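Subject: Structure for you to look over

Dear colleague,

I am passing on the structure we spoke about, and I would be grateful if you could read the notes below with it open beside you.

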Amino acid sequence: MPTKPRPALPPIEVPSALQAPDAWRESLSSKSPDDVDVQRALNAQRRVAEAVEGLLSLRSSRDPRVSPGQHLDTIDRHARRLAEQAVSRVDEARQGLVRRMKQAQDMMTESLAREDAHSAEVRKALRELPPEARDRAVREAIEAGNRRVIGAVMAAPGIASGLPDDALASLRSVAAKRLHPELVDETARLSHVHDWLLDVAGGAQSVANAARPTPDQRAEYEQAVTASDAALAKLAGLDQ
């Protein structure tokens with residue numbers, strides 16, 4: 001006689017950032033084989049992923065000696081702990097990345113915004129140009145590595161050179177790539193790992209929230225388990 005499947009809680013999808021720790025390690029380590037902060041990030045992801053796997057394993061298998069209500073309470077406790085530990089582990093792993101990104105940004109800002117005795121004169125000359133000519137003049141100065149023009153523009157608010165704020169931000173990015181490509185690449189690499197870590201924490205929070213049983217899920221699960229246990233007991237009696 002076929003038996004009915006045991007009652008189960010709704011499935012939970014695991015976000016990609018929490019899957020395949022070995023694949024993530026291979027991908028990120030290939031670009032940063034000796035980077036201590038990247039290794040910390042990978043270790044944090046692995047530990048969070050293992051905690052997620054443990055929670056889902058617990059959720060899918062109830063010890064028959066434990067009541068449905070106790071089983072759900074245990075799941076709820078583990079889900080809360082997962083959410084707290086994921087944030088803690090990720091925040092700890094992020095510290096080095098954040099510090100280094102800030103250092104790189106500060107170095108670029110200091111390097112680009114170097115004024116000299118002619119900076120005010122340069123800004124005045126740019127303000128007097130038509131908008132298109134002004135933008136072209138600054139871009140040509142950046143391409144040529146003209147530190148006098150670059151420093152004059154980057155050391156003051158955009159209005160001082162006749163530039164809108166968004167145009168100044170765009171030109172600053174162009175200048176950084178032209179003069180400090182290694183710092184731009186380093187920042188982008190670290191930022192990628194940092195954003196991935198945020199996805200790890202967010203994914204763990206999502207799994208933890210989904211794993212915590214709602215009142216409706218509690219009632220439905222407890223009723224299903226009770227009915228299943230009664231049916232199994234009845235079948236056992238028939239077999240005797």
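I begin with Glu-182, which is partly exposed at a relative accessible area of 48% (buried means under 20% relative accessible area, exposed over 50%, and partly exposed in between, with a 1.4 Å probe and protein chains only). Glu-182 lies in helix α8 (helices are DSSP runs of H or I with at least four residues, numbered from the N terminus), and its C-alpha atom is 9.7 Å from that of Ala-104, although the two residues are 78 apart along the chain.

Please bear in mind that this is a predicted model, in which local features need pLDDT of at least 70 and side-chain atom pairs count only at pLDDT 80 or more, while totals for chains, interfaces and linings use all residues. Residues are numbered from 1 along each chain as its sequence is written, and side-chain values use heavy atoms, with hydrogens and water left out.

Helix α8 also takes part in the 1 aromatic pair that the structure holds (rings of Phe, Tyr and Trp, the last by its six-membered ring, pair if their centres lie within 6.5 Å, and planes under 30 degrees apart count as stacked, over 60 as edge-to-face and the rest as tilted). The ring centres of Trp-24 and Trp-196 are 5.1 Å apart and their planes stand at 40 degrees, so this pair is tilted. It joins distant parts of the chain, since Trp-24 sits in helix α1 (residues 21–31) and Trp-196 in helix α8 (residues 181–211), 172 residues apart. Trp-24 is partly exposed at 23% relative accessible area, whereas Trp-196 is buried at 4%.

Trp-196 appears again in the largest nonpolar core (a set of buried Ala, Val, Leu, Ile, Met, Phe, Trp, Tyr and Cys residues joined through side-chain atoms within 4.5 Å), where, of 35 residues, Val-52, Trp-196 and Leu-197 touch the most other members. Two or more residues come to this core from each of α2 (36–60), α3 (68–112), α8 and α9 (215–239). Apart from it lies another core, of 20 residues, including Val-122 and Leu-179.

Helices α2 and α8 pack at an angle of about 15 degrees with their axes 10 Å apart (axes are lines fitted to C-alpha atoms, for helices over the stretch in contact, and angles run from 0 to 180 degrees between N-to-C directions). They are therefore roughly parallel to each other (angles under 35 degrees count as roughly parallel, over 145 as roughly antiparallel, 65 to 115 as roughly perpendicular and the rest as oblique). Among the residues that meet there are Val-48 and Val-52 of α2 and Trp-196, Leu-197 and Val-200 of α8. Val-200 is buried, with a relative accessible area of 0%, and, not counting residues up to four places away in sequence, it touches Ala-17, Leu-18, Gln-45, Val-48 and Val-90 (contact means heavy atoms within 4.5 Å).

Lastly, helix α5 (residues 131–144) and helix α6 (residues 147–154) pack at about 125 degrees with their axes 8 Å apart, which makes α5 oblique to α6. Their contact is made by Val-138, Ala-141 and Ile-142 of α5 together with Val-149, Ile-150, Val-153 and Met-154 of α6.

With best wishes
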